[in-house]
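Here is a guided walk through one molecular structure. Keep the sequence and the 3D view open as you read.

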Protein chains: 2
Amino acid sequence: MAVPRSGGHISAAPPTLADVAELAGVSRQTVSNAVNNPDLLRADTLARVQEAIDKLGYQPNRAARSLRTRASHLIGLRMPALQEGTANAMMDRFVHSFVEAAAETGYHVLLFYGDPADPLDGYDELLRSTAVDAFVVTDTHLGGQQTTWLQSRRARFVSFGRPWTQPDAKHPWVDVDLAYGAEIATEHLIERGHTKIAWIGWHKDSLLGEERRSGWFHAMHAHGLSTTGLASRTEDSISSGKAAADAILDETQPTALVCASDTLAMGVLHSLFERRLRLGEDVAVVGFDDSQVAQTVPPGITSVRPPLEEAARELVKALEELLATPSYAAPGVMLKPALTVRGSS
Amino acid sequence: MAVPRSGGHISAAPPTLADVAELAGVSRQTVSNAVNNPDLLRADTLARVQEAIDKLGYQPNRAARSLRTRASHLIGLRMPALQEGTANAMMDRFVHSFVEAAAETGYHVLLFYGDPADPLDGYDELLRSTAVDAFVVTDTHLGGQQTTWLQSRRARFVSFGRPWTQPDAKHPWVDVDLAYGAEIATEHLIERGHTKIAWIGWHKDSLLGEERRSGWFHAMHAHGLSTTGLASRTEDSISSGKAAADAILDETQPTALVCASDTLAMGVLHSLFERRLRLGEDVAVVGFDDSQVAQTVPPGITSVRPPLEEAARELVKALEELLATPSYAAPGVMLKPALTVRGSS
DNA sequence: GTGAAACTCTGGATCGTTCCAAGACATGGT
DNA sequence: ACCATGTCTTGGAACGATCCAGAGTTTCAC
């Protein structure tokens, strides 16, 4: 029988290895083996121990296990900054996919908060206190600060987003080929008969933005279409998206617009709304990210959908390898997005 | 000097309490006190220890601390099911606010995944392995299964959402008064001169839906307006929102519609789009949740915005009390939402 | 100068698990 | 019988922190 520890208490403390061992009539180590290396035990012993485990509802204490094995089975993920007034909801879906993928390999996700002004805030404490086994970094397009720093601290991590500014980075990463995304978006519009297809993207210093733009550019030229006066570069906000659309609609009168984000696409919609133009009939629009907004706005915005579920799975896979083999250096994985066609095109 | 532990290794193991103690020339316990009860130390000793801590970059090992104190400083949060094709993005903002609020009191959030088909999946394992100190439950409108079960397991938890089906529940909770939300939404439309204001809500068996509906109902009657033929109840999806709007626009020709969710509001928008009616000019629409969709769709949808940041803070406050005093029984906290007015009204 | 109270600091035990090295037990060949 | 050879099981030590009880030191009133 399990001996009650702190006497008097009504709420029973969770059973320990020792409790199970006593009930099953074996030693602690045998129970530990039953849990972690069942094939070391003789079949009948294993059955007996298993029975005791089930009976007591035993579950290894995570803190004790972590202390001994130096592994917490937690992956740190810094809460991305929330962007009000934009359509950027990709992180939501990514976090969801990641938590799900991680769960399948026995990992949980530790969400932490960091001061948005300091891209490194929060990492250090978790690293020093060995609270997590590894991190997932998501905002690589903001510069390589996080990854460089983590690397210098010999922390284990994988990143969703390629190491734009560090060609020599050795950590595993997964990214989505959004140049390709822009290409299929543009080709989709060409197929639909459009020839004057505008691009509304981000400022030139955004590598991410330039990459997407190149997809549009290549598709246009591959089909012998001119791009003159059809490209616009601005900030990722609705108001600047609207301004860019206003300007380009006045000047060049394109029949279709490809936008570097759903946020910019919404800017375009604002412009159309004001001009009383019908989305999908008078002007076609394609966005990026397949946000809830793209999914729900009538008549639906055609959008480039990044395969976040797959990205999460790939990251978890890389993470497993990394944690098993500290020296593991994976080649980056580039995934192809798909186009979700809706009424806007 | 700290003695290197596992010889040969290049990557230094994190410093321990003992390392700090040795460097500062005090005992382990004194270092522990310096960290946890600094006022127990003499000023000069504290300074010396602090210096050693800084020099080594010491941070208490979380696993060891958890093991001893039986507290992980982690709050469990089950990843809410992701709803594609809807405008329900409230959870995103809530999780964000919660992580931020929790961080301020030294808690981190452990995100875990549970099979959507089983509302209890995932809780048990974390509870048994003492991985978290408490849970935050969010889907209370789906029935009291989770809270009842947690209560029976003597788990500590708070809930975002009142215990609809358990009037005798003892756990702390925080909720948003959305009857009030519907009321101010309706009154806003009345102020704007509307008299025929329709309600598009959820099925009768949704207590949450009926509550919101009552706000509309009271506001209408308080102003002597009829509600006959103006209420519609359906599912929370775009297509059924559209169907409901179609029916009610044909039959009763309201000039304004209050919707129980932004998703339903988007359904209404689809209906308007098809009828070539202008949102905000021909027909006014108000939604619930202040989702990204409401924020970005031109010309913006007026929406009832739940104070999620405040809710998160209240929950964390309750959690602190609960963890300090296990018998703590707080009265529920009801928060008032505000109306964010946009072009749709 | 003495004693007691208050303040500081210390060493050993402990939380629940896994690592380690060795003991107990069967099995099989000589 | 005996010893090698595995297979299975065991008790003690360790992970790094905090709890606890007691030892050492200072402070201060008398």
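**Two chains and two DNA strands**

Strand E2 (residues 108-112) of chain A and E2(B) pair in the antiparallel sense, over three bridges. Strands pair here if DSSP finds at least two bridges between them. Helices (H or I, at least four residues) and strands (E, at least two) are DSSP runs, numbered from the N terminus. One bridge can be named: Leu111(A) has Val109(B) in E2(B) as its partner.

A word on the source is due. This is a predicted model, in which local features need pLDDT of at least 70, side-chain atom pairs count only at pLDDT 80 or more, and totals for chains, interfaces and linings use all residues. Residues are numbered from 1 along each chain as its sequence is written, while chains are lettered from A and ligands numbered from 1 in the order in which they are written.

Stay with E2(B). Five of its five residues are buried. A residue is buried if 20 or more other C-beta atoms lie within 10 Å of its own, exposed if 12 or fewer, and partly exposed in between, with C-beta atoms placed from the backbone. Both faces of E2(B) are covered. One side carries His108(B), Leu110(B) and Phe112(B). The other carries Val109(B) and Leu111(B). E2(B) also has a partner within chain B: strand E1 (residues 74-78) pairs with E2(B) in the parallel sense, over five bridges. There, Arg78(B) stands opposite Phe112(B).

Now widen the view to the whole interface. On chain B, 48 residues are in contact with 48 residues of chain A. Contact means that the C-beta atoms of two residues, placed from the backbone, lie within 7 Å. Which elements of chain B each supply at least two residues to the side that touches chain A? They are helix H4 (62-69), helix H5 (90-104), strand E2 (108-112), helix H6 (123-128), helix H11 (262-275) and helix H12 (292-296). H5(B) gives the most, with six residues. By class, this side of chain B has 25 nonpolar, 15 polar and eight charged residues. Ala, Val, Leu, Ile, Met, Phe, Trp, Tyr, Cys and Pro count as nonpolar, Asp, Glu, Lys and Arg as charged, and the others, Gly among them, as polar.

How do the two copies relate? A rotation of 180° with 0.0 Å of shift along its axis superposes chain B on chain A, with an RMSD of 0.1 Å. The two copies are therefore related as by a two-fold rotation axis. The same surface serves both: 100% of the contact residues of chain B recur in chain A. The superposition is by least squares on the C-alpha atoms of residues with pLDDT of at least 70 in both copies.

Next comes the DNA. Strand D is surrounded by 26 residues, and the closest are Ser27(A), Thr45(A), Thr16(B), Leu17(B) and Ser32(B). A residue is near a molecule or strand if its C-beta atom, placed from the backbone, lies within 6 Å of it. Helix H2 (28-36) and helix H4 (62-69) of chain A, together with helix H2 (28-36) and H4 of chain B, each give two or more residues to the surface near strand D. That surface has 10 nonpolar, 10 polar and six charged residues.

DNA strand C has 25 residues around it, the closest being Thr16(A), Leu17(A), Ser32(A), Ala64(A) and Thr45(B). The elements giving two or more residues here are helix H1 (17-24), H2 and H4 of chain A, with H2 and H4 of chain B. By class, the surface near strand C has 10 nonpolar, 10 polar and five charged residues.

Turn to chain A by itself. Chain A has 13 helices and 12 strands. Its C-alpha trace spans about 85 × 40 × 40 Å along its principal axes. Of its 345 residues, 48% are buried.

Finally, look at strand E8 (residues 256-259) of chain A. Both of its faces are covered: Ala256(A) and Val258(A) on one side, and Leu257(A) and Cys259(A) on the other, are all buried. Strand E6 (residues 197-202) of chain A pairs with E8(A) in the parallel sense over four bridges. In that pairing, Trp199(A) has Val258(A) as its bridge partner. Three bridges join E8(A) to strand E9 (residues 284-288) of chain A, also running parallel. Here Leu257(A) is partnered by Val285(A) in E9(A).
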